[in-house]
Amino acid sequence: MEWIKAVEETPLVSGTSWVTPLEMALDMKPKPDLVVFLTDGSSGNKSLDKAQTLGKLAKRRKIPV
């Protein structure tokens with residue numbers, strides 16, 4: 001398929017910016033029943049720290065991610 005070739009040949013130019021959208025999802029009122037988090041796996045510096053912080057926030061708010 002042509003689109004698969006296009007995806008495979010597209011170079012990675014930056015990481016995924018996921019912190020702000022995930023914070024927004026966790027701050028929604030009423031709170032969401034579930035947050036589905038998709039990423040290409042490439043992210044910037046301190047990603048693990050940010051993920052752990054947001055994971056704790058999600059757990060405190062009882063929002064499955």
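**Talking through a predicted three-helix chain**

Colleague: What does the accessible surface of the chain come to, and how much of it belongs to carbon and sulfur atoms?
Modeller: Keep in mind that this is a predicted model. The accessible surface adds up to about 5,600 Å² for the chain. Of that, the share belonging to carbon and sulfur atoms is 59%.

Colleague: Which elements does the chain have, and in what order do they run?
Modeller: You'll find three helices and zero strands here. Read from the N terminus on, the order is α-α-α.

Colleague: What radius of gyration does the chain have, next to a compact globule of 65 residues?
Modeller: The C-alpha trace spans about 45 × 25 × 15 Å along its principal axes. A compact globule of 65 residues would come out near 11 Å, but this chain has a radius of gyration of 15 Å.

Colleague: What share of the 65 residues is buried?
Modeller: To count as buried, a residue needs under 20% relative accessible area. Among the 65 residues of the chain, the buried share is 20%.

Colleague: Of the contacts with a separation of 6 or more, what percentage comes from residues 24 or more positions apart?
Modeller: Here we look just at contacts in the chain with a separation of 6 or more. Residues 24 or more positions apart account for 81%.

Colleague: Is I4 buried, partly exposed or exposed?
Modeller: I4 sits in helix α1, residues 2-9, and joins M1, W3 and V7 in a nonpolar surface patch of about 480 Å². Buried means under 20% relative accessible area and exposed means over 50%. I4 has 33%, so it counts as partly exposed.

Methods: Residues are numbered from 1 along each chain as its sequence is written. This is a predicted model: local features need pLDDT of at least 70, side-chain atom pairs count only at pLDDT 80 or more; totals for chains, interfaces and linings use all residues. Side-chain values use heavy atoms; hydrogens and water are left out. Patches are made of residues with over 30% relative accessible area and no salt bridge: like charges are joined within 9 Å, nonpolar side chains (Val, Leu, Ile, Met, Phe, Trp, Tyr) within 5 Å. Accessible areas come from the Shrake-Rupley method with a 1.4 Å probe; for residues, only the protein chains shown count as cover. A salt bridge is a side-chain nitrogen of Lys or Arg within 4 Å of a carboxyl oxygen of Asp or Glu. Helices (H or I, at least four residues) and strands (E, at least two) are DSSP runs, numbered from the N terminus. Buried means under 20% relative accessible area, exposed over 50%, partly exposed in between (1.4 Å probe, protein chains only). The radius of gyration is taken over C-alpha atoms; the globule rule is 2.2 Å times the number of residues to the power 0.38. Contact means heavy atoms within 4.5 Å.
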